[in-house]
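I opened this entry to keep track of what I looked up in the model, going from the whole chain to single strands and then to the enclosed spaces.

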Amino acid sequence: MRVDGALDEPQWAQAPPIGEIQQREPNAGTVASERTEVRLLYDDNNLYIGVTCWDSDPPGIIATRMGRDSDFVDDDHIDILLDTFHDRRNAYYFSTSPSGALVDALVIENGTLNRDWDAIWVVRTRRTREGWTAEFAIPFKSLTFQTGGTSWGFNFSRTIKRKIEEDRWASPRLDVNFLQVSEAGEISGFSDITQGRGLELRPFTGGRWIRDEAGTQTKSTFTGKPGVDMAYNITPSLKWNATVNTDFGETEVDTRQINLTRFPLFFPEKRQFFLENSGVFNFSDNGNELLPFFSRRIGLSGGQEVPIRFGTKLTGKIGGLDIGLLDARTGETGFSPARNLLVGRVKQTLFRQSYIGAVFTDGDPSSTRSARTFGADVRLGTSSFLGGDRNLSLNAFALKSSNERITPASPTGDDKAFGVGVSFPNDLLDLSANWRRVDKNFRPAQGFVQRPGSRLIRVNFGYSPRPKNFLGVRQMLHEAFFTHYTRLDAGASESWRLMTAPINWRFNSGDHIEFNWQPTFERVFKPFEISPGVILPVGDYQFTRWRVEAFTASKRAVEARLTLWLGDYYSGTAHEIRASLNYKFQPHLQVILETNQTFGRLKEGNFVARVQSLRLNYSFTPFLSLFNLMQYDTTSRNLGWQSRLRWIVQPGNDFFLVLNQGWLRDDQEGLHFHAADTKLAAKVQYTVRF
């Protein structure tokens, strides 16, 4: 097979289409407005997928993004799910658009998408007078699967952006999200497929030049080191990974945030080693508020990098048991000791969409003291509640931390966390309720806890009818979300919020408007510095916020978004403006301007909090892209620029060149900046498979 996007080999003509692709939205279960055919083939090395997308208006096809792992929210695209274990919970996700971009991800626990996972595979597309075609070649060496299995879960989706239409092969129902692996179809007929010897070596070398202009003297340093990433399939369903002298010089910088709350902010993981098969370590359903294991604790301390000398990871399946074991050794720095850190996770499959699991961590990244966290969770889920096509899930968890005392007088006990929740996520009715308690001394050393010492009650209600012929509205979302936190040591409310959306309309054009009313209560137990020099005293604050939001359709070449928060705020008022403007010149260039500004006028003082950013991304081809991100915030007064060049010589062989430049704003008024630091990093990696 020659993978070139032209389905002209005789094998494609002999392969029958997999079946009819029907509309899922706007008219579920009806004939798709444009014809799509999907064909499957395989040989000793690859699974091949050939897709023909006919289109009655080829010039109307939208393809604005070309870079690796692009977000196709603006584009025509096709999506593929491969449930290689046929466990109906986890899957591989592959996607492309008419521009030929490569996008891959992992689907975790029947709905969570980890987009930062990268595999070795290839796709080519072609635009034709009748529409466009795509040709995938996915190596079996890039997948894990059950030995001797002849059937996989499979699903396919096509989005026609100008029509805001989604067409799907299996389960084209409004109540079924595409990432619900349990509702995928099935492909069968595999025999004698293997992963070769299952050994993969990825040697790399990286170098960094840093110029520090802080203070009175300028210092320049250069560091470089070779390293290697290794992977071995112990069995087709059990994979071992290791890394030596790990280098993360190519990692994208974090998107900046200004914290106007009393609680820590969450920043997602972006490093490839920790993202690889990370889904097995996911725990319960607490969002980002409570995590017993949060991989950013390893190799990062106070925003500074800690060297990782060695890391190893075992992930996969043994029968119906999912297992994950991670061990990392960090190096010593002036602000962090050398530590060995261990994480273990197991999940036993129950029924079709359920599991019971356990987690264990050992080690504190920031201290030589012993620290352990352990616990269990259970999920019971179904997509045929009461015999119909409705989703329902029940979740429960319990955790305990066991940390060595800092001093003999350090408090003990009160070191547990537990909770339960129920969710009914469907198209017309979306309901959920959660209860959670986190003791004040619960401190998972390798985890993340946003509010220790609190009890949470959260109830969400959503009613979303789809009216016929009413002002061009496709769906009306009527929503109410109530969240209440109780401070355990005081036995009193710490905060509550009622978020309502009497108007949340999504139009057939793709445009969106929303209006919110949000009564809020905050009890400040100790003085809180909301902004430098502005300190809120102890006391109760009850106020009401209003939000107006309008988004233009993402299918347009120029997309605008505006959100206004108005009204009372603690002891005074605050007005927040969030706005973005996105220029798309398909398929190579994208320019995004964003601003988030809060203007506070409180009795204790006034403040302004600003975060502004500019993204300028250019993709020469799907394999050569230049990403630029400039950010400024008023808290650090730092203007930062990151420019990242990625050249995929061929899948698995990459060259990265990354420039980070910072400027610090002078104290005087006006746009006066001086250079603060410069970092230039390069990395080359090459993959050998056996």
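**Whole chain**

I looked first at burial: of the 690 residues of the chain, 51% count as buried, where buried means under 20% relative accessible area, exposed over 50%, and partly exposed in between (1.4 Å probe, protein chains only). I note that this is a predicted model, in which local features need pLDDT of at least 70 and side-chain atom pairs count only at pLDDT 80 or more, while totals for chains, interfaces and linings use all residues. Residues are numbered from 1 along each chain as its sequence is written, and side-chain values use heavy atoms, with hydrogens and water left out.

I then listed the elements and found 2 helices and 44 strands in the chain; helices (H or I, at least four residues) and strands (E, at least two) are DSSP runs, numbered from the N terminus. The radius of gyration is 26 Å, close to the 26 Å that the globule rule gives for 690 residues, so the chain is as compact as a globular protein of that length; the radius is taken over C-alpha atoms, and the rule is 2.2 Å times the number of residues to the power 0.38. Along its principal axes, the C-alpha trace spans about 75 × 60 × 55 Å.

**An open sheet and A137**

I followed an open sheet of 4 strands, in the order β2-β3-β9-β8 with antiparallel pairing; two strands pair if DSSP finds at least two bridges between them. Its edge strands are β2 (36-42) and β8 (122-128), each of which pairs on one side only. Between β8 and β9 (residues 131-139) I noted 7 bridges in the antiparallel sense, and in β9 the bridge partner of V122 is A137. A137 is buried, with a relative accessible area of 7%, and its C-alpha atom is separated by 6.8 Å from that of I49, 88 residues apart along the chain.

**Strand β6 and its two hairpins**

I turned next to β6, of which 6 of 6 residues are buried: V103, A105 and V107 point one way, D104, L106 and I108 the other way. On the β5 side, 5 bridges join β5 to β6 in an antiparallel run, with Y93 opposite A105. That hairpin has 6 residues between the strands, and G100 takes a positive phi near 90°. Strand β7 (residues 112-114) is joined to β6 by 3 bridges, also antiparallel, and I108 stands opposite T112. Here the hairpin has 3 residues between the strands, and E109 takes a positive phi near 50°.

**Cavity and pocket**

I looked up the enclosed spaces and found 6 cavities of 30 Å³ or more. On a 1 Å grid over the protein atoms alone, a cavity is a set of points where a 1.4 Å probe fits but cannot get out, and a pocket is an open set with protein on both sides within 12 Å along at least five of seven lines; lining residues have an atom within 4 Å of a point.

The second largest cavity is lined by 23 residues, with F85, N90, Y92, T144 and N277 nearest its centre. Among the elements that each supply at least two lining residues are β5 (91-96) and β6 (103-108).

The second largest pocket is lined by 24 residues, of which V608, Y632, T634, T635 and R637 lie nearest its centre. I noted that β39 gives the most to this lining, with 6 residues.

How values were computed: Grid points are joined across faces, edges and corners, and a volume is the space filled by probe spheres set on the points.
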